[in-house]
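Before you read further, please look through the structure shown below. The numbered points that follow are meant for someone meeting it for the first time.

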Amino acid sequence: MIVTLTANPSLDRTVALPSPLLRGEVQRAVSVSQESGGKGVNVSRALVASGLETVAVLPGGDSDPVLAGLRDGGVPYAALPIHEPLRTNVALTEPDGVTTKINEPGPVLSDGQQEALIGLLLERSRGASWVVLAGSLPPGVPADFYATVTRRLRSMNDGAAPRIAVDSSGAPLAAAVSGDAAGMPDLLKPNAEELAELAAAAGFATASTADELEADPEAAAAAAAAVVRSGVGAVLATLGSKGAVLVTSDGAWLATHPPVKAVSTVGAGDSSLAGYLLASSQGAAPADCLRQAVAHGAAAASLPGSTVPAVHQTTPDAVTITALRKD
């Protein structure tokens, strides 16, 4: 069982344009699609598509379109009732795969609602193998929310806690790796931009931009290793079309996939995390978890909107794994 927490879920609308986006102009869409979304929700959707048991924990009223979409998609969920509507995010996709996203802030969660959401997660995560804490945080939620949840999960389970993965950005991501050991995740899933910020915060001597890390996997591995040394169990860093790097205390690997025609990159990183967890749940070695992560991400990028792939739509045999130095 893999449980996901999405504190700031969304209805994700994807608008496909017939030509490059023109600011200030009127353009007609080729197609419009929508899915229940938010990073944790996307991970659960991808796991369901591959037949893995999962529960998505999130706030939301029973009649909210996000929850209705989960019911229609057969995604098990546990929702904390709130009266405010959940946010809608819009992604504009161009023919070459370039994606522009506009994300709303989401409804405010009070202190009491935050505590109730944590309680719901603790209840549903008993016996889980992984808990995924993913996405942005809604207004009113402190940046260290994920670190707080991680400590609560480990305290409640008294040594038998599930492994914890965090996929976020900005202040919530920085706070997730800046506290004590009890609040550190077992797996962190940054992209190149987030990895550069984390490595700088961890005291990595060589400052690198996201473009530099995507172009140089050895540098990406070294930056991820700096984050691992700070106390994180492992770092799965997605590098866009360049693949992904996995760094643990035992090694570092690069995985690359042959080029695919990018249709939409919305949710590709979430699918990568789902692929990693899918392989991990089957007892795969770290390098093979990375292999499935990249296969899932490549498959997601080739699908429209925020569609997530099932495992049979992925091509892990096409992924090349290369061992890297991490120092």
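1. A salt bridge, as the term is used in this note, is a side-chain nitrogen of Lys or Arg within 4 Å of a carboxyl oxygen of Asp or Glu. The model is a predicted one, and a search of the whole structure finds 8 salt bridges in it. Lys39, Asp167 and Asp270 are linked in a network of such bridges.

2. Within that network, the salt bridge between Lys39 and Asp167 has its closest N and O atoms 3.7 Å apart. The pair links distant parts of the chain, since Lys39 belongs to helix H1 and Asp167 to strand S9 (residues 163-167), 128 residues apart. The two partners can also be described by their exposure: Lys39 is partly exposed, with a relative accessible area of 27%, whereas Asp167, at 1% relative accessibility, counts as buried.

3. Helix H1 takes part in another salt bridge, in which the side chains of Glu35 and Arg45 meet at 3.4 Å, N to O. Glu35 lies in strand S3 (residues 31-37) and Arg45 in helix H1 (residues 39-49), so this pair ties together parts that are 10 residues apart in sequence. Glu35 counts as partly exposed, at 30% relative accessibility, while Arg45 is buried, with a relative accessible area of 9%.

4. How many of the residues of H1 are buried? The helix is mostly covered, with 8 of its 11 residues buried, and these are Gly40, Val41, Asn42, Val43, Ser44, Arg45, Ala46 and Leu47. Just after H1, the backbone at Gly51 takes a positive phi of about 80°.

5. A salt bridge inside a single helix is found in H10 (residues 286-301), where Arg291 and Asp288 are 3 residues apart and thus separated by about one helical turn. The closest N and O atoms of Arg291 and Asp288 are 3.4 Å apart. An α-helix has 3.6 residues a turn, so residues three or four places apart point the same way. Arg291 counts as partly exposed at 23% relative accessibility, and Asp288 also counts as partly exposed, at 37%.

6. Turning to the strands, is S12 enclosed by the rest of the structure or exposed? In strand S12 (residues 244-248), 5 of the 5 residues are buried, so the strand is largely enclosed by the rest of the structure. The cut-off behind this reading is a relative accessible area under 20%. Both faces of S12 are covered, with Ala244, Leu246 and Thr248 buried on one side and Val245 and Val247 buried on the other.

7. Strand S12 pairs with two strands, S11 and S13. Strand S11 (residues 234-238) runs antiparallel to S12 and is joined to it by 5 bridges, and one of the bridge partners to look for is Ala244 in S12, which pairs with Thr238. The hairpin of S11 and S12 has 5 residues between the strands, and in this hairpin Gly240 takes a positive phi near 60°.

8. On the S13 side, 4 bridges join S12 to strand S13 (residues 252-256), and these two strands also run antiparallel. Val247 of S12 stands opposite Ala252 in S13, and the hairpin that joins the two strands passes through 3 residues.

9. The geometry of helix H3 (residues 111-124) can be checked against expectation: at 1.5 Å a residue, its 14 residues should span 20 Å, and its end C-alpha atoms are 20 Å apart, which agrees. Within H3, the buried residues are Gln114, Leu117, Ile118, Leu120, Leu121 and Leu122.

10. The last point concerns enclosed space, and which residues line the largest cavity? The structure holds 1 cavity of 30 Å³ or more, and about 40 Å³ of space lies in the largest cavity. Its lining is made up of Asp12, Arg13, Thr14, Asn89, Val90, Ala91, Lys101 and Val266. Strand S2 (10-16) and strand S6 (87-93) each supply at least two residues of this lining. Sorted by character, the lining residues divide into 3 nonpolar, 2 polar and 3 charged.

Key
Residues numbered from 1 in each chain as written. Predicted model: local features only at pLDDT ≥ 70, side-chain atom pairs only at ≥ 80, totals over all residues. Heavy atoms only, no water. Buried < 20%, exposed > 50% of the residue type's maximum accessible area, 1.4 Å probe, protein only. Pairing = 2+ DSSP bridges. Expected span 1.5 Å × (residues − 1). 1 Å grid on protein atoms, 1.4 Å probe; cavity = no way out; pocket = protein on both sides within 12 Å on 5 of 7 lines; lining within 4 Å. Points joined across faces, edges and corners; volume = space filled by probe spheres on them. Nonpolar A, V, L, I, M, F, W, Y, C, P; charged D, E, K, R; others polar.
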